[in-house]
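Work through the following exercises with the model open. Each one gives a task and then a solution in steps.

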Amino acid sequence: MKRILLSLSLILIVLMSACAPIKTVPEGEKKVHEWRLVTHQIEGTSRYDGTIEPFVESVEEITNGQLIIEPYGANTLFPNNDTFEMVQNGVVEMAAIYTGFWTGKDPVFNLAGGTIPGDPINGFEEHFYRSDRLEPITTKAYEQFGITNLGAFDYAPEEMLMSRVPIEGIEDFKGKNIRAAGVASSFYGELGASAISLSAPEIYTGLQLGTVDAAEFNDFLVNGEMGLDEVTRYVIEPAIHVGPSTDKELIVNENAWEQLPEELKAAVYVARDKVRYESAIAYGVESQKAETEWKNNPDIEFIELPEEDIEEMREIGFEYLMNQREESDLSKEYIDEYAKVLQELGYEEEAKILGYSE
């Protein structure tokens, strides 16, 4: 049995600590830090209401009002793709966002957050063990640009591939236009598809009007909240490019972070860990319920890809990873550490394919 890597008791201790505000500062001496946070998630969906809002509320409560964070949803202040520069330049202090939006900055951002094609990682414990092991490498990448990385923000179940047209095997990907971001764009390209960039609010219209043949995005819960079940005719399983992942990494402007007192920095980490745990429970259970609703929808057909095609697609994914390994020093370090994690978790064959040796 695979090692249980996160202790429930430790998590509970962290959550309990969230109930104890930091030492009260006399009103006349209290310095209030006011930040803005942006995310690619849409307000009103579980991945916003169930993570972003509880996070900012917890920070304000734990700090006794000394750190107030105002959140903004997808494309509200500026396009999602501009977030990197906006955090870097201090236009906003913080973002909880998918790293795949800026793969051109360093190839390692293509992999950060656990969006790894063919990945066998399973469940909350394994995901966060991997995230914590790989976090220092992602942090080095951000440091090059004056951005502080605070690590994985939340837990995301496997994404799903929604389609207007039937995709019944690996050959059917050829020539299709698929909405994808980050590493998924490259992966579907390897399958012969064309990756189309659409922000979250644009996916509905893209599927409705046929701008894209298929779209890979969040889980059943959030996609249902966005109404994507109304414009989906087929669900293709499994979506090979990614298993459980971090939907959002928490990044901060370096100068803003340095100006925070240590106790306020600690409060941010406590609030982050609280959201990690709560999102794992909420997404896991609620997404399963939502999946049942999708399957009971008579207008949607679920297509299971043939096992031999799944294996071929996994091989293509790992071949892509080996190519990514040569793209930068940090990518090589990331893939090598990832292979070591796979070995430790019992995924020995996958680790060997990625070059792990005793």
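Rings of Phe, Tyr and Trp (its six-membered ring) pair if their centres lie within 6.5 Å; planes under 30 degrees apart count as stacked, over 60 as edge-to-face and the rest as tilted. By this rule the count comes to 16 aromatic pairs. The model is a predicted one.

**Exercise 1. Classify the ring pair Phe-84 and Phe-145, and place both residues.**

Step 1. The ring centres are 5.1 Å apart and the planes stand at 80°, so the pair is edge-to-face.

Step 2. Phe-84 belongs to helix α4 (residues 83-88), while Phe-145 is in the loop between α5 (123-143) and β4 (147-152). The pair links distant parts of the chain, 61 residues apart.

Step 3. Buried means under 20% relative accessible area, exposed over 50%, partly exposed in between. Phe-84 has 1% and is buried; Phe-145 has 22% and is partly exposed.

Step 4. Both residues belong to one aromatic cluster, whose other members are Tyr-98, Phe-101, Trp-102, Phe-109 and Tyr-142.

**Exercise 2. Do the same for Phe-128 and Tyr-155.**

Step 1. The centre-to-centre distance is 6.5 Å and the planes make 40°, which is a tilted pair.

Step 2. Phe-128 lies in helix α5 and Tyr-155 in the loop between β4 and β5 (160-163), so the pair ties together parts 27 residues apart in sequence.

Step 3. Phe-128 is buried, at 1% relative accessibility. Tyr-155 is buried as well, with a relative accessible area of 9%.

**Exercise 3. Describe how α5 packs against helix α10 (residues 262-295).**

Step 1. The two axes come within 11 Å and cross at roughly 150°. The crossing is right-handed.

Step 2. On the α5 side the contact is made by Phe-124, Phe-128, Asp-132 and Glu-135; on the α10 side by Arg-272, Arg-276, Tyr-277 and Ala-280.

Step 3. Sorted by class, this contact has 4 nonpolar residues, 4 charged and no polar ones.

**Exercise 4. Which residues of helix α3 (residues 52-62) are buried, and how does α3 meet α10?**

Step 1. The buried residues are Ile-52, Pro-54, Phe-55, Val-56, Ser-58, Val-59 and Ile-62. Their cover includes β1 (33-39), α2 (46-49), β2 (67-72), β3 (94-97), β10 (249-253) and α10.

Step 2. The axes of α3 and α10 are 9 Å apart, at an angle of about 145°. α3 passes α10 in a right-handed crossing.

Step 3. From α3, Pro-54, Phe-55, Ser-58, Val-59 and Ile-62 take part; their partners in α10 are Ala-267, Val-268, Val-270, Ala-271, Arg-272, Lys-274, Val-275 and Glu-278.

Step 4. By class, the contact has 9 nonpolar, 1 polar and 3 charged residues.

**Exercise 5. Describe the backbone at Asn-64, Asn-75 and Pro-238.**

Step 1. Asn-64 is not a glycine, yet its phi is positive, about 55°. Asn-64 comes just after α3, in the loop between α3 and β2, and is partly exposed at 31% relative accessible area.

Step 2. Asn-75, also not a glycine, has a positive phi of about 60°. Asn-75 sits in the loop between β2 and α4 and is partly exposed, with a relative accessible area of 31%.

Step 3. Glu-237 and Pro-238 are joined by a cis peptide bond with omega of about -10°. Pro-238 is in the loop between β9 (234-237) and β10.

Methods. Residues are numbered from 1 along each chain as its sequence is written. This is a predicted model: local features need pLDDT of at least 70, side-chain atom pairs count only at pLDDT 80 or more; totals for chains, interfaces and linings use all residues. Side-chain values use heavy atoms; hydrogens and water are left out. Helices (H or I, at least four residues) and strands (E, at least two) are DSSP runs, numbered from the N terminus. Buried means under 20% relative accessible area, exposed over 50%, partly exposed in between (1.4 Å probe, protein chains only). Axes are lines fitted to C-alpha atoms, for helices over the stretch in contact, and angles run from 0 to 180 degrees between N-to-C directions. A crossing is left-handed if the near helix is turned anticlockwise from the far one by less than a right angle, and right-handed if clockwise. Contact means heavy atoms within 4.5 Å. Ala, Val, Leu, Ile, Met, Phe, Trp, Tyr, Cys and Pro count as nonpolar, Asp, Glu, Lys and Arg as charged, and the others, Gly among them, as polar.
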